[in-house]
Amino acid sequence: MRSSVLLLDPEPTRASALAAQLQSAGFDVAPFFTAADALVRLARPVFGSMIVMADLHDADCCKCLVDLRKVAPTVWMIVVAYDQLPGSLNLARKLGADAILTTPFSIADLAQRLAAFSRRSRSAF
(Lines give C-alpha, C1' and ligand atoms only; values in the text may rest on other atoms or scores of the structure.)
Protein backbone atom coordinates (compact mmCIF):
# COMPACT_ATOMS: atom_id res chain seq x y z
CA MET A 1 0.00 0.00 0.00
CA ARG A 2 1.42 3.38 -1.04
CA SER A 3 1.51 6.21 1.49
CA SER A 4 -0.54 9.30 0.67
CA VAL A 5 1.31 12.59 0.96
CA LEU A 6 -0.05 16.12 0.69
CA LEU A 7 2.52 18.52 -0.77
CA LEU A 8 2.03 22.25 -0.28
CA ASP A 9 4.32 24.42 -2.37
CA PRO A 10 3.33 27.82 -3.80
CA GLU A 11 5.67 27.26 -6.76
CA PRO A 12 3.81 24.96 -9.24
CA THR A 13 6.88 23.98 -11.28
CA ARG A 14 8.87 22.97 -8.22
CA ALA A 15 5.83 21.20 -6.70
CA SER A 16 5.24 19.19 -9.87
CA ALA A 17 8.89 18.14 -10.05
CA LEU A 18 8.98 17.14 -6.38
CA ALA A 19 5.67 15.27 -6.69
CA ALA A 20 6.98 13.31 -9.69
CA GLN A 21 10.17 12.38 -7.82
CA LEU A 22 8.22 11.23 -4.76
CA GLN A 23 5.81 9.25 -6.92
CA SER A 24 8.81 7.50 -8.47
CA ALA A 25 9.94 6.69 -4.93
CA GLY A 26 6.61 4.95 -4.25
CA PHE A 27 4.35 7.60 -2.72
CA ASP A 28 0.92 8.87 -3.78
CA VAL A 29 1.37 12.65 -3.86
CA ALA A 30 -1.29 15.34 -4.09
CA PRO A 31 0.32 18.73 -4.80
CA PHE A 32 -1.38 21.95 -3.66
CA PHE A 33 -0.26 25.48 -4.42
CA THR A 34 -2.28 27.45 -1.84
CA ALA A 35 -2.77 27.00 1.86
CA ALA A 36 -6.53 27.47 1.46
CA ASP A 37 -6.79 24.50 -0.94
CA ALA A 38 -4.58 22.34 1.29
CA LEU A 39 -6.63 23.18 4.38
CA VAL A 40 -9.87 22.20 2.63
CA ARG A 41 -8.35 18.91 1.47
CA LEU A 42 -6.87 18.12 4.89
CA ALA A 43 -10.33 18.31 6.41
CA ARG A 44 -10.90 14.86 4.87
CA PRO A 45 -8.45 12.49 6.60
CA VAL A 46 -6.80 10.64 3.72
CA PHE A 47 -3.18 11.74 4.13
CA GLY A 48 -0.64 10.14 6.43
CA SER A 49 1.95 12.84 5.84
CA MET A 50 2.29 16.35 4.51
CA ILE A 51 5.28 18.22 3.17
CA VAL A 52 5.20 21.99 3.40
CA MET A 53 7.70 24.15 1.54
CA ALA A 54 8.08 27.04 3.97
CA ASP A 55 9.70 30.43 4.29
CA LEU A 56 10.12 30.72 8.04
CA HIS A 57 10.88 34.46 7.58
CA ASP A 58 7.30 35.01 6.39
CA ALA A 59 4.62 35.56 9.06
CA ASP A 60 1.85 34.34 6.71
CA CYS A 61 3.75 31.13 6.06
CA CYS A 62 4.24 30.58 9.80
CA LYS A 63 0.51 31.13 10.37
CA CYS A 64 -0.19 28.61 7.62
CA LEU A 65 1.83 25.95 9.46
CA VAL A 66 -0.18 26.56 12.63
CA ASP A 67 -3.46 26.37 10.66
CA LEU A 68 -2.42 23.14 8.94
CA ARG A 69 -1.58 21.57 12.30
CA LYS A 70 -4.96 22.62 13.76
CA VAL A 71 -6.87 21.09 10.86
CA ALA A 72 -4.80 17.90 10.77
CA PRO A 73 -3.34 17.28 14.24
CA THR A 74 -2.39 13.66 13.56
CA VAL A 75 -0.89 14.06 10.07
CA TRP A 76 2.89 13.90 10.12
CA MET A 77 4.29 17.25 8.92
CA ILE A 78 7.71 17.75 7.32
CA VAL A 79 8.66 21.38 6.81
CA VAL A 80 11.19 22.09 4.10
CA ALA A 81 12.68 25.49 4.93
CA TYR A 82 14.16 27.59 2.16
CA ASP A 83 17.14 28.56 4.29
CA GLN A 84 18.79 27.74 7.57
CA LEU A 85 17.83 30.28 10.18
CA PRO A 86 19.31 30.17 13.65
CA GLY A 87 16.69 28.33 15.67
CA SER A 88 14.71 27.20 12.60
CA LEU A 89 14.28 23.68 13.94
CA ASN A 90 12.80 24.99 17.19
CA LEU A 91 10.58 27.47 15.32
CA ALA A 92 9.30 24.78 12.94
CA ARG A 93 8.51 22.46 15.85
CA LYS A 94 6.77 25.28 17.72
CA LEU A 95 4.63 25.85 14.63
CA GLY A 96 3.64 22.17 14.48
CA ALA A 97 6.28 20.41 12.39
CA ASP A 98 7.35 16.88 13.22
CA ALA A 99 10.51 17.14 11.12
CA ILE A 100 12.42 19.76 9.17
CA LEU A 101 14.70 19.72 6.16
CA THR A 102 16.44 22.70 4.64
CA THR A 103 17.10 23.36 0.99
CA PRO A 104 18.91 21.99 -0.78
CA PHE A 105 17.79 18.53 0.30
CA SER A 106 17.92 15.12 -1.30
CA ILE A 107 14.82 13.31 -2.47
CA ALA A 108 16.33 10.15 -0.99
CA ASP A 109 16.45 11.74 2.47
CA LEU A 110 12.89 13.03 2.18
CA ALA A 111 11.60 9.68 0.91
CA GLN A 112 13.44 7.87 3.71
CA ARG A 113 11.79 10.07 6.35
CA LEU A 114 8.35 9.55 4.81
CA ALA A 115 8.86 5.78 4.57
CA ALA A 116 10.08 5.54 8.17
CA PHE A 117 7.01 7.39 9.40
CA SER A 118 4.74 5.27 7.22
CA ARG A 119 6.20 2.05 8.68
CA ARG A 120 5.75 3.34 12.25
CA SER A 121 2.17 4.45 11.69
CA ARG A 122 1.14 1.15 10.06
CA SER A 123 2.65 -0.87 12.89
CA ALA A 124 0.58 1.12 15.39
CA PHE A 125 -2.68 -0.29 14.00
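A disulfide here is a pair of cysteine sulfur atoms within 2.5 Å. By that cut-off, this predicted model comes up empty, with 0 disulfides in the structure. Take Cys-61: the closest cysteine sulfur sits in Cys-64, and at 5.9 Å from the sulfur of Cys-61 that is too far for a bond. The same goes when looking from the other end, as Cys-64 is in no disulfide and has the sulfur of Cys-61 as its nearest cysteine sulfur, 5.9 Å away.

Neither residue of this unbonded pair has much surface on show. Cys-61 has a relative accessible area of 13%, so it counts as buried, given that buried means under 20%. Cys-64 is buried too, because its relative accessibility is 10%.

Both cysteines turn up again around the second largest pocket. Its volume comes to about 150 Å³, and 13 residues line it. Cys-61 and Cys-64 are among the lining residues that lie nearest the pocket centre, along with Pro-10, Met-53 and Asp-58. Two elements, β3 (49-54) and α3 (59-71), each give two or more residues to this lining. The largest share is that of α3, which puts in 3 residues.

As for chemistry, the lining of the second largest pocket splits into 9 nonpolar residues, 3 charged ones and 1 polar one. Cysteine goes into the nonpolar class in this scheme, so Cys-61 and Cys-64 are on the nonpolar side of that split, while Asp-58, as an aspartate, falls among the charged residues.

Key:
Residues are numbered from 1 along each chain as its sequence is written. This is a predicted model: local features need pLDDT of at least 70, side-chain atom pairs count only at pLDDT 80 or more; totals for chains, interfaces and linings use all residues. Side-chain values use heavy atoms; hydrogens and water are left out. On a 1 Å grid over the protein atoms alone, a cavity is a set of points where a 1.4 Å probe fits but cannot get out, and a pocket is an open set with protein on both sides within 12 Å along at least five of seven lines; lining residues have an atom within 4 Å of a point. Grid points are joined across faces, edges and corners, and a volume is the space filled by probe spheres set on the points. Helices (H or I, at least four residues) and strands (E, at least two) are DSSP runs, numbered from the N terminus. Buried means under 20% relative accessible area, exposed over 50%, partly exposed in between (1.4 Å probe, protein chains only).
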